[in-house]
Amino acid sequence: APLAFVDTYGCQQNEADSERLRGYLSEMGYQFTDQEAQADLILINTCAIREHAEMRALGNVGALVHTKRAKPGQLICVCGCMAQEPHMAQKIKDSYRQVDLVFGPHALWRFPELLYRLVTRRGRIFDIADEPGSIAEGIPLVRQDGVKAWVSIMYGCNNFCSYCIVPYVRGRERSRRADDILREAEGLLQSGVKEIMLLGQNVNSYGAGTGDTFPGLLRRLDALGVERIRFMTSHPKDCTRELLDAMADCEKVAKHLHLPVQSGNDRVLKEMNRRYTREQYLELIRYARQVMPELSLTSDVIVGFPGETYEAFQDTLSLVEEVGFTSLFTFIFSPREGTPAAKMPDPVSREEKGRWFRELTDLQERVASARNQKLLGKRFRVLVEGPGKKAGLLAGRTEGNLVIEFPGGDSLIGEFVEVVVTEALAWILRGQMEI
């Protein structure tokens with residue numbers, strides 16, 4: 001059988017897309033390898049969220065010149081968000097002659113047809129038409145591990161935050177029907193999956209035009225009997241009390257909310273086109289903690305947005321301290337061609353932004369350490385995901401999405417166990433299993 005190598009960059013939505021692409025390849029008779037040199041077909045699923053992700057993907061595409069020289073029949077395909085950006089598609093066309101097929105997220109469901117055209121007609125194919133996108137149900141899947149599964153509930157984004165390329169490359173929001181999602185979840189439950197992660201660029205606006213709502217979907221999934229349900233990403237402007245109440249009521253929905261704040265300063269939030277204020281964000285957090293005292297909160301922060309001053313950045317620091325996040329994903333602003341923020345004056349130097357960035361990460365480390373110290377001696381229900389970093393240890397996650405390592409045998413992978421915290425570091429917990 002011919003061999004395929006699928007390499008994925010970026011977010012879980014991309015991982016979920018790759019599972020569908022592997023499903024297609026499997027149906028077409030391909031088996032899989034993790035060696036580029038052995039592969040008859042290489043598929044690189046790219047990310048466009050920051051320049052760094054694009055450079056890494058392009059570097060790997062560039063290196064494939066050598067594998068293709070050794071194996072002239074090898075087919076090289078580039079897909080995903082970077083492929084949908086017109087200037088990047090042009091760059092691949094002009095400078096990466098070894099690439100045979102380029103297609104964006106909208107064309108994912110047409111991959112078998114594009115591959116057939118490539119094999120039968122020769123010549124390079126670029127399919128990045130800026131179409132609104134549709135939803136194709138019933139695409140086969142090849143999932144990577146049997147413990148956790150991603151389920152895309154919607155595609156695209158309507159928010160147009162001024163720094164973000166996603167709405168331009170993934171198109172307008174479109175939601176799957178709740179019945180289709182429940183059918184997929186039921187199949188996963190039967191195949192032994194213990195945790196489902198619902199994916200959408202903004203899950204809070206799920207269901208527009210279908211008659212379904214996100215809180216309603218959570219309640220239906222909770223009743224299905226999936227052991228643990230997670231979701232991301234939530235946009236604060238659409239995060240409602242109705243959603244927080246549903247999280248509190250649903251036994252199987254993890255008490256963990258990823259709610260990206262991006263900045264703690266109102267002027268910067270306005271320039272980012274986030275459409276909420278610092279006070280509105282904090283009000284949501286207060287209500288969330290009122291209905292779920294044990295809630296674990298995580299967030300994203302951009303440092304050095306164009307025009308941000310050090311004074312404005314201080315507002316982000318104070319918000320991080322006030323909320324007490326479990327963990328933070330922090331990024332230095334990266335201009336994306338085609339977004340409004342890329343044209344804004346940006347006088348602060350990269351070095352200065354680097355200093356602010358370190359100040360934020362140092363603060364978050366102190367906040368997380370203090371939070372985690374309070375967990376010593378506490379018991380958690382942990383889903384065992386695999387071996388830990390050291391031999392003899394297992395690694396799993398608490399409901400609040402904290403990683404915990406503890407001694408145990410591999411037969412427990414995929415099971416829920418009770419673990420008592422014996423040691424608390426800033427980014428990881430250590431513990432002992434309770435029998």
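# Exercises on cavities, rings and backbone

The second largest cavity of this predicted model has a lining made up of Asn14, Asp17, Leu21, Asn45, Cys79, Gly80, Phe103, Gly104, Pro105, Leu108 and Arg170. The exercises start from that list.

## Exercise 1. The second largest cavity

Task: Find which elements give two or more residues to the lining of the second largest cavity, and state how the lining divides by class.

Solution.

Step 1. The elements with two or more residues in this lining are α1 (12-27) and β4 (75-80).

Step 2. Of the elements, α1 gives the most, with three residues. From the lining list, Asn14, Asp17 and Leu21 have numbers that fall in the range of α1 (12-27). Cys79 and Gly80 fall in the range of β4 (75-80).

Step 3. Sorted by class, the lining holds five nonpolar, four polar and two charged residues. The charged residues are Asp17 and Arg170.

Step 4. The volume of this cavity is about 50 Å³. The structure has two cavities of 30 Å³ or more.

## Exercise 2. The second largest pocket

Task: Describe the second largest pocket by its volume, its central residues and the classes in its lining.

Solution.

Step 1. The pocket holds about 530 Å³ of space.

Step 2. Its lining consists of 24 residues, and those nearest the centre are Lys255, Glu294, Phe380, Glu399 and Gly400. The elements α13 (350-373) and β15 (379-387) each give two or more residues to this lining.

Step 3. Charged residues number 12 in the lining, beside seven nonpolar and five polar ones.

## Exercise 3. Aromatic pairs

Task: Decide whether the pair of Phe103 and Phe111 is stacked or edge-to-face, then do the same for Tyr163 and Phe305.

Solution.

Step 1. Two numbers are needed, since a pair of aromatic rings is described by the distance of the centres and the angle of the planes. The whole structure contains nine aromatic pairs.

Step 2. For Phe103 and Phe111 the centres are 5.5 Å apart and the planes differ by 25 degrees. Planes under 30 degrees apart count as stacked, so this pair is stacked. Phe103 has 1% relative accessibility and counts as buried; Phe111 is buried too, at 0%. Phe103 also appears in the lining of the second largest cavity.

Step 3. For Tyr163 and Phe305 the centres are 6.3 Å apart and the planes stand at 85 degrees. An angle over 60 degrees counts as edge-to-face, so this pair is edge-to-face.

Step 4. Tyr163 is in the loop between β8 (154-155) and α6 (166-170), and Phe305 is in the loop between β13 (296-303) and α12 (310-323), so the pair ties together parts that are 142 residues apart in sequence. Both Tyr163 and Phe305 are buried. With Phe333 they form one aromatic cluster.

## Exercise 4. Charges over rings

Task: Which rings have the charged end of Lys93 and Arg381 over them?

Solution.

Step 1. Lys93 has its charged end over the ring of Phe126, at 4.7 Å from the ring centre.

Step 2. Arg381 lies over the face of Phe416, 3.9 Å from the centre of that ring.

## Exercise 5. Backbone exceptions

Task: Locate the cis peptide bond that ends at Thr233 and the residues Asn273 and Arg275, which have a positive phi.

Solution.

Step 1. The background is that most residues other than glycine have a negative phi, and most peptide bonds are trans.

Step 2. The bond from Met232 to Thr233 is cis, with omega near 5 degrees. Thr233 belongs to the loop between β11 (228-232) and α9 (241-249).

Step 3. Asn273 has phi near 60 degrees, and its place is the loop between α10 (266-271) and α11 (278-291). Arg275 has phi of about 65 degrees and lies in the loop between α10 and α11.

Step 4. Asn273 is partly exposed at 29% relative accessibility. Arg275, at 48%, is partly exposed as well.

## Exercise 6. Two residues in their surroundings

Task: Are Leu115 and Thr330 buried or exposed, and what do they touch beyond their sequence neighbours?

Solution.

Step 1. Buried means under 20% relative accessible area. Leu115, in helix α5 (residues 111-121), has 3% and is therefore buried. Thr330, in strand β14 (residues 327-332), has 18% and is therefore buried.

Step 2. Leaving aside neighbours within four places in sequence, Leu115 contacts Leu25, Met28, Tyr30, Leu41 and Leu75. Leu115 and Asp100 are 15 residues apart in sequence, with 9.6 Å from C-alpha to C-alpha.

Step 3. On the same terms, Thr330 touches Val301, Phe357, Leu360 and Thr361.

Notes: Residues are numbered from 1 along each chain as its sequence is written. This is a predicted model: local features need pLDDT of at least 70, side-chain atom pairs count only at pLDDT 80 or more; totals for chains, interfaces and linings use all residues. Side-chain values use heavy atoms; hydrogens and water are left out. On a 1 Å grid over the protein atoms alone, a cavity is a set of points where a 1.4 Å probe fits but cannot get out, and a pocket is an open set with protein on both sides within 12 Å along at least five of seven lines; lining residues have an atom within 4 Å of a point. Grid points are joined across faces, edges and corners, and a volume is the space filled by probe spheres set on the points. Helices (H or I, at least four residues) and strands (E, at least two) are DSSP runs, numbered from the N terminus. Buried means under 20% relative accessible area, exposed over 50%, partly exposed in between (1.4 Å probe, protein chains only). Contact means heavy atoms within 4.5 Å. Rings of Phe, Tyr and Trp (its six-membered ring) pair if their centres lie within 6.5 Å; planes under 30 degrees apart count as stacked, over 60 as edge-to-face and the rest as tilted. A charge sits over a ring if NZ of Lys or CZ of Arg is within 6 Å of the ring centre and within 35 degrees of the ring normal.
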